[in-house]
Structures are given as structure tokens and as C-alpha cells.
Amino acid sequence: YEVDKLSKKHLESYYKNYTNPIAQVLGPLYGKRMQYWLTDSFEADAQNWTEDMPQEFLKRRGYDMTPYLPVLSGRIVKNADVSDRFLWDFRRTIADLIADNHYKALSELAHQQGIKLYGESAGISMPIIQDAMLNKKYLDIPMAEFGMTQGLGSAESSSWKSPRDLDDDHAYRGAGDRLQAHQSDIREAASASHIYGKKFVATESWTGGAFEAPASMKLIGDYWNTQGVNRFIFHTSTHQPLDTKPGNSMVGTHIHRNITWAEQAAPFVTYLSRNSFMLQQGTFVADLAYYLGEGIPSSVPYWKKVKPEPPAGYDFDFLGTDLLLEDAAVKDGKIVLKSGMSYEVLVLPETAEMTPQVLHKIKELVANGATIVGPKPMKSPSLTGYPSTDNDVALMANEIWGDADGQMIFHHDYGKGHVYWGAPLNSVLAEKKVFKDVDYTKPHVNTYLSWIHRRTNEADIYFISNLRNQKEEAKIQFRMSGKNPELWHADTGKSEAVEYVIEGGVTTVSVTLNPEQSVFIVFRNPTTVTSQKNTKPVSTILATLAGPWNVNFPPNLGAPEKITLDKLISLSEHPEDGVKYFGGTATYTKELTATKEWFKPGAKFILDLGTVKDLAEVSVNGKSFGILWKLPYELDITSALKTGTNKIEIKVTNQWTNRISGDAVNPDKKVLSGSGLRFGGGNNSLIESGLIGPVVVSWVAGNQSK
């Protein structure tokens with residue numbers, strides 16, 4: 001059964017019957033230890049009626065809906081124009097009721113009990129009759145969703161693999177394009193958080209995955225960080241009452257105690273936490289605000305691309321009608337909100353319809369100095385006040401747009417502000433002398449950096465993500481001047497000086513990004529030094545650790561006690577089934593001889609493991625150097641390396657995927673006690689696993705981090 005989403009009375013009844021038993025059991029812990037409710041995505045059908053609909057409609061639209069009810073069955077009342085206007089009012093009323101009588105009422109009921117509200121309202125690809133921004137206004141923490149791959153179905157059948165497909169090579173495929181749906185959903189939740197002054201942007205995260213490793217999850221998480229996400233909610237972190245492996249989950253990437261790398265998860269979780277903490281600081285920085293319009297559904301469209309598209313180098317938010325009418329003002333030529341957000345340009349939707357009250361607000365903003373881009377409205381879409389409202393809209397629009405027609409004349413000055421119609425956004429920004437916030441060189445044809453900018457009272461924080469599996473030596477230009485840039489690494493918690501040049505109000509930073517690496521570039525300390533050069537580290541390979549390698553396996557996981565590899569290969573290529581299908585932690589050991597010639601003054605020794613599937617815990621002569629979980633799989637072993645024989649031990653953990661496939665192929669030799677076949681596993685395909693290398697030791701000299 002579904003609660004009536006348009007009725008506050010029924011919502012209250014539903015809420016009390018749902019929560020009272022929980023409150024009684026928890027007692028004083030309710031609202032203190034249990035602090036949040038989460039309302040998930042709207043996965044019911046669209047609703048279009050409630051028992052009080054005529055009264056609610058009259059209150060909101062100002063006229064009786066009864067004579068127009070035949071329109072809801074496809075008939076025309078009076079004429080097509082009047083019927084369409086009634087339908088516009090009807091949809092608007094439904095959206096207002098969902099926002100007021102469901103999401104707002106739910107939030108009020110929760111707050112009365114000292115509980116706050118997360119919400120995907122209405123959620124990804126939910127084409128219901130809604131005003132998504134108005135829904136999210138009433139949430140404490142707006143939420144969205146992103147998938148591990150497509151988000152529905154298997155990776156093999158998806159039309160895209162990862163966020164890096166969201167570049168110029170990704171052809172938009174319409175309403176069925178799941179990648180575009182995730183993109184719209186997250187930008188919508190992020191915008192709601194920004195414009196309403198909320199701190200967090202949460203996501204149902206890595207939906208639709210299987211037994212992924214942290215490295216593959218990192219790439220996707222980093223991308224959505226650059227789109228505004230700053231709080232991850234794992235889908236799925238399921239309670240595991242049994243010790244049966246591989247564990248139980250549904251429609252999500254497995255994050256629980258029964259996965260292979262549960263005990264090695266700390267560095268990955270720490271990385272996510274540091275990124276989230278940094279991106280919760282200050283205020284989001286954007287130059288463009290897209291007004292979503294009054295028509296319903298009012299949400300960031302996933303069924304089409306936003307037009308005009310934001311030019312590269314500028315970030316943006318979306319605004320809803322309620323905030324535009326109640327909050328927007330103008331200061332120094334910018335549109336400003338009470339949340340602290342400000343925008344150089346307001347972009348109007350591609351429609352010729354606008355109600356008089358919204359157009360009056362546009363007139364006020366432009367007269368006070370705002371810059372808007374969009375077509376001139378010709379009439380009101382509503383039956384309220386018809387037909388006189390059409391004349392009001394036409395007269396007001398002619399005054400604001402003047403002789404601009406979007407064909408031959410693209411610009412009109414009105415009051416202190418400017419109106420553009422049909423002009424490219426980059427040209428409008430250029431006329432305002434608003435330079436790109438971020439720009440970068442492309443060392444490769446397909447170089448693709450994604451970014452986000454937040455500002456505190458003390459610092460400007462940029463998060464930069466290399467979405468390609470290749471090293472990039474790029475020059476990144478920031479719309480910053482007079483502050484010293486620093487490179488911050490969330491994986492290590494360390495920072496380092498970075499090479500830069502300040503000129504013409506722009507700071508150009510030279511940075512080398514490893515494959516799929518993400519970093520923070522922070523401007524916080526004032527400086528009069530306009531350039532800084534760094535000495536690049538010089539690396540010399542001292543030894544390659546070729547075979548043989550001894551490999552030990554834990555008991556009861558189907559593998560032999562130990563094997564010897566003449567050379568490093570993926571375990572999935574080994575002829576013995578117990579090795580081929582192994583899932584868990586295998587221990588590789590080898591001895592390394594270091595000659596005294598290696599130990600020069602200032603020597604720094606780097607152990608590079610090459611390709612690792614998926615995590616590696618390294619120790620040298622019994623000293624542990626922690627867990628490596630992503631590219632590059634390398635670390636400084638200087639403090640443990642000595643002249644003569646050194647013992648290298650590398651514990652490598654892979655995923656359950658190959659073991660699940662082995663159990664499916666050989667059910668008589670089944671190793672895992674749980675099935676793990678539903679939602680992620682059992683397709684008999686093998687993936688790379690283990691230490692693949694090459695493993696090398698290098699001597700490095702150059703700049704140091706701190």
C-alpha cells in the first residue's frame with residue numbers, strides 16, 4: 001500500500017503508525033541516538049487525485065476546477081487553449097501538494113520528535129508530477145543517487161561504464177540514458193543544498209554493483225564529488241547476522257563485514273571522509289544559475305540536455321520558482337541568495353510562457369542590475385486571471401526585452417541590467433569580463449579533468465579529478481590571484497608546494513596527475529611572489545623483482561597451502577582451479593639484495609608494485625608500510641631497507657568475484673557457504689587478481705611533500 005502523497009491528514013496517520021512502535025522500543029534514544037529518517041526515491045506510480053483536491057485547487061489557483069474535470073478524461077472544455085491552461089494549473093497543484101502535504105509535512109513531523117530528514121525527493125528518473133526543488137527545500141539533507149555502472153542491470157549490458165563517458169564522446173541517448181539521469185539527479189540535489197543553505201549533499205552511492213574493489217569505486221566517487229556530493233551513503237551496507245561468505249546484499253555494491261577486504265577498508269573510507277570533509281567547507285562557487293521554470297514537472301531534465309549548455313570552465317546551479325520569488329536579489333550586478341550563493345547570469349528556460357508574478361520578479365532583478373539570458377515570454381501558461389494576464393505578460397516582456405528578438409538583435413539594456421536572447425553564454429560572460437574559473441591544457445587528445453570550487457572566509461578550495469587511466473602533466477589555470485596554491489592529498493593527508501605563475505588575475509599551476517588521481521588545490525595564504533619553480537624528482541630503477549615468488553594461501557578457501565610462481569601473472573591465469581578461482585588474501589614473499597652502492601646521501605627508495613588486483617599490504621624486514629588500494633601502487637621503503645638481504649612480504653587481497661564464478665562452474669567443489677549470485681556474481685567470467693607487477697625498486701631524488 002502507498003500513503004496518499006497529496007494529503008497531510010493521511011500522511012500524519014501513516015507516520016504515527018510507522019514510527020510509534022520504534023519510538024516506544026527506543027525510549028530516550030529516539031531522536032538522540034537514532035537521529036535521522038531517510039525517505040527513498042519515489043518508486044510508486046504517479047498520483048493525480050486526493051479527496052480534498054477541489055478545495056486545495058481552489059485555494060491555490062483561485063477558481064473552481066469542477067467545470068473543467070472533463071479535460072482530465074481527454075475532452076476539450078471551451079477550447080484547446082483553455083483546456084491546456086487548466087491542465088497546467090492542475091499539474092502545478094499536484095506538485096504543490098506533494099511538496100507541502102508530503103515532504104514538508106514529513107519534515108515537520110520528524111522535527112517534532114527531534115529527528116532530521118534525508119530524502120531522495122523524488123529521485124532518479126522519476127517523471128512524476130513534481131517540483132523537485134520545492135520538495136528538497138523541506139529536507140535537512142537532500143539526496144540523489146549514482147550507480148557503480150549503469151545503475152540497473154549488469155555492467156556488460158550497460159551503454160556506459162563510468163563517469164568518464166560523460167565527456168564530448170558520450171552521445172546523449174534520450175530519456176533512457178541512465179548516465180544522464182544520474183547526472184541530473186545529483187546536480188539537482190547539489191543545487192538544492194547550495195541555494196537553500198544546507199551543508200550536505202548526500203547520495204545513495206554505488207548502486208547496482210557487485211563485489212567491487214575500492215579502486216574502481218574511487219574513480220566514480222571522485223567524479224560525483226566534483227558534481228557536488230559531499231556525503232556518501234553506501235548502497236548497500238547490509239547487516240550480516242551470519243558468517244556465511246560472500247555475504248548478503250541487494251541491488252548494490254557490497255560494503256559489509258563478509259567481503260574480502262573488510263579488514264583493509266580503512267584507507268579507502270578515510271579517503272572518502274577527507275574528501276567529504278573538505279567539500280563540506282564554505283560555499284559552492286558558480287557563475288550560472290538556471291531557472292527551471294514554473295511548468296510541471298519542474299526538475300533538472302534527464303530527458304534532454306540543458307540548453308544553452310554551460311560553457312567549459314564555468315560551474316552552475318539550478319533554481320526553482322519559490323526561491324526566485326522569495327529570495328533572489330541583486331548586489332554589484334550579481335544575483336545573490338540568502339544562503340550566500342551568488343551568480344553572474346540567470347538563464348531562463350526555453351519557453352514563451354511565464355506567469356505575471358514571475359515575470360515581475362525578472363523585471364525587478366534586471367532593473368536592479370542583473371544579467372539574464374533567455375527568450376521573451378509571450379503569454380501566461382495559467383488559466384488564473386485569463387485572459388487579462390496574457391496582456392500583462394506581453395506588455396511587461398516588451399518593456400524588458402525591448403527590440404531584442406533572438407534572431408538579429410540579441411541584447412537589450414533595461415534599467416541597470418542586461419537582457420540577452422539567443423546569445424551564446426560564453427559571449428555573455430566575456431562581455432561581463434567573467435573569466436573561466438578553471439581551464440587546463442590537454443597533454444593528450446582525450447585529457448579530461450573534472451573539478452569543483454568551494455570558498456570559505458580563509459581559502460578557495462578546488463578539487464581536481466583526472467578521469468583518465470593515464471598520467472597527465474597539465475597546466476591548470478584558476479581565476480585566482482595573490483594567494484599561494486598548495487597541493488593537498490586526501491589519500492595521505494599530506495600537502496606539498498606546487499609550481500605556479502600568477503599573471504593577469506590568473507594563477508597557472510603545473511601539476512602531474514597520476515592515472516585516475518584526484519587532488520585538492522588550496523589557495524589560502526596571501527603572497528606577493530608571482531611564480532615558483534619546483535625541482536622535479538629524478539627516478540633511477542635499481543632492481544626488478546622477477547621470479548620466483550612464493551605465494552601462500554589461507555586455509556578453507558579452495559586454494560593449495562602454497563605455490564611458487566616463476567613469474568608474476570594474474571592468479572586467474574593459473575592452471576590450478578584453486579588458484580584460478582581464489583578469492584581472499586594471498587601472501588607473496590621474496591628476498592631482495594641491496595648493495596651498499598645504493599645507499600647514497602639523501603637516498604629515497606620507492607617500491608613500485610605495478611599492477612595489483614586489488615589491495616596490497618606491504619612489509620619490508622617485518623616493518624609494515626600500510627595498505628595500498630589504488631594507483632599508483634608504490635611506497636617509500638627507505639626506513640626499512642638495509643644493505644644485504646631484505647625480506648619483502650606483500651599480502652594481496654582480491655574480490656569474491658572469481659570465487660563465486662568457480663563455485664558456479666564446479667558446484668561439487670563449492671567453497672563459499674552463501675550463494676552471492678544475486679546482484680553481482682555467477683556469470684562465470686574471471687577478472688584479474690593478485691600481484692601482477694612488474695615489481696621494481698627505484699632510487700628517487702627531488703621535491704618532498706609535507
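# A tour from pocket to loops

Start with the largest pocket, which holds about 1900 Å³ of space. Keep in mind that this is a predicted model.

**Stop 1: the largest pocket.** Select Glu 496, Asn 514, Lys 604, Pro 632 and Glu 634. Of the 45 lining residues, these lie nearest the centre of the pocket. Now colour the strands that give two or more residues to the lining: S19 (472-478), S21 (495-497), S23 (506-513), S30 (605-608), S33 (623-628), S34 (634-636) and S37 (696-701). Strand S37 provides the largest share, four residues. Colour the lining by class next. Expect 18 nonpolar, 14 polar and 13 charged residues.

**Stop 2: an enclosed space.** The structure holds three cavities of 30 Å³ or more. Go to the second largest, with about 40 Å³ of space. Which residues line the second largest cavity? Select Lys 218, Tyr 271, His 489, Ala 490, Asp 491, Gln 517, Ser 518 and Lys 630. By class, this lining has two nonpolar, three polar and three charged residues. Keep Tyr 271 selected for the next stop.

**Stop 3: the aromatic cluster.** Tyr 271 also belongs to an aromatic cluster. Add the other members: Phe 146, Trp 206, Tyr 223, Trp 224, Phe 232, Phe 234, Trp 261, Phe 268 and Trp 629.

**Stop 4: two stacked pairs.** There are 31 aromatic pairs in the structure. Take Phe 86 and Phe 90, a stacked pair with 6.0 Å centre to centre and 25 degrees between the planes. Show helix H3 (residues 80-112) as a ribbon. The two residues are four apart in H3, so about one helical turn separates them. Phe 86 is buried at 0% relative accessible area, and Phe 90 also counts as buried, at 5%.

Move to Trp 206 and Phe 234. This pair is stacked, with 5.6 Å centre to centre and 25 degrees between the planes. Trp 206 sits in strand S4 (residues 202-207) and Phe 234 in strand S5 (residues 231-234), so the pair ties together parts that are 28 residues apart in sequence. Are the two partners buried or partly exposed? Trp 206 is buried, at 1% relative accessible area. Phe 234 counts as partly exposed, at 27%.

**Stop 5: Tyr 68.** Return to Phe 90 and draw a distance to Tyr 68. Their C-alpha atoms are separated by 10.0 Å, with the two positions 22 residues apart along the chain. Tyr 68 lies in the loop between helix H2 (53-61) and H3. Tyr 68 is buried, with 10% relative accessible area. Show its contacts beyond four places in sequence: Tyr 63, Val 77, Lys 78, Val 82, Phe 86 and Leu 383.

**Stop 6: the nonpolar cores.** Select the largest nonpolar core, which has 150 residues. Leu 346, Tyr 588 and Leu 609 touch the most other members. Centre the view on Leu 346. Leaving out residues up to four places away in sequence, Leu 346 touches Ala 289, Tyr 291, Leu 319, Leu 324, Ile 335, Ile 362, Leu 365, Thr 371, Ile 372 and Val 373. Then find the second, separate core of 34 residues, whose members include Tyr 15, Tyr 30, Met 53 and Leu 139.

**Stop 7: a buried arginine.** Select Arg 187 in helix H5 (residues 178-195). Arg 187 counts as buried because its relative accessibility is 6%, under the 20% limit. Its contacts, again beyond four places in sequence, are Gln 227, Phe 284, Asp 315, Phe 316 and Phe 318. For a long line across the view, join Arg 187 to Glu 263: they are 34 Å apart, C-alpha to C-alpha, and 76 residues apart in sequence.

**Stop 8: backbone details.** Zoom in on Lys 245 and Pro 246. A cis peptide bond joins them, with omega about 10 degrees. Pro 246 is in the loop between S5 and helix H7 (266-279). Another cis bond joins Ile 296 and Pro 297, with omega about 5 degrees. Pro 297 is in the loop between strands S7 (288-291) and S8 (316-319).

Finish with two positive phi values. Glu 516 has phi near 60 degrees. This residue is in the loop between S23 and strand S24 (518-526) and is buried, at 17% relative accessible area. Asn 556 has phi near 65 degrees. The loop here runs between strands S27 (549-552) and S28 (562-565), and Asn 556 is exposed, at 72%.

Notes:
Residues numbered from 1 in each chain as written. Predicted model: local features only at pLDDT ≥ 70, side-chain atom pairs only at ≥ 80, totals over all residues. Heavy atoms only, no water. Core = buried A, V, L, I, M, F, W, Y, C linked by side-chain atoms within 4.5 Å. Buried < 20%, exposed > 50% of the residue type's maximum accessible area, 1.4 Å probe, protein only. Contact = heavy atoms within 4.5 Å. 1 Å grid on protein atoms, 1.4 Å probe; cavity = no way out; pocket = protein on both sides within 12 Å on 5 of 7 lines; lining within 4 Å. Points joined across faces, edges and corners; volume = space filled by probe spheres on them. Nonpolar A, V, L, I, M, F, W, Y, C, P; charged D, E, K, R; others polar. Phe/Tyr/Trp six-rings, centres within 6.5 Å; stacked < 30°, edge-to-face > 60°.
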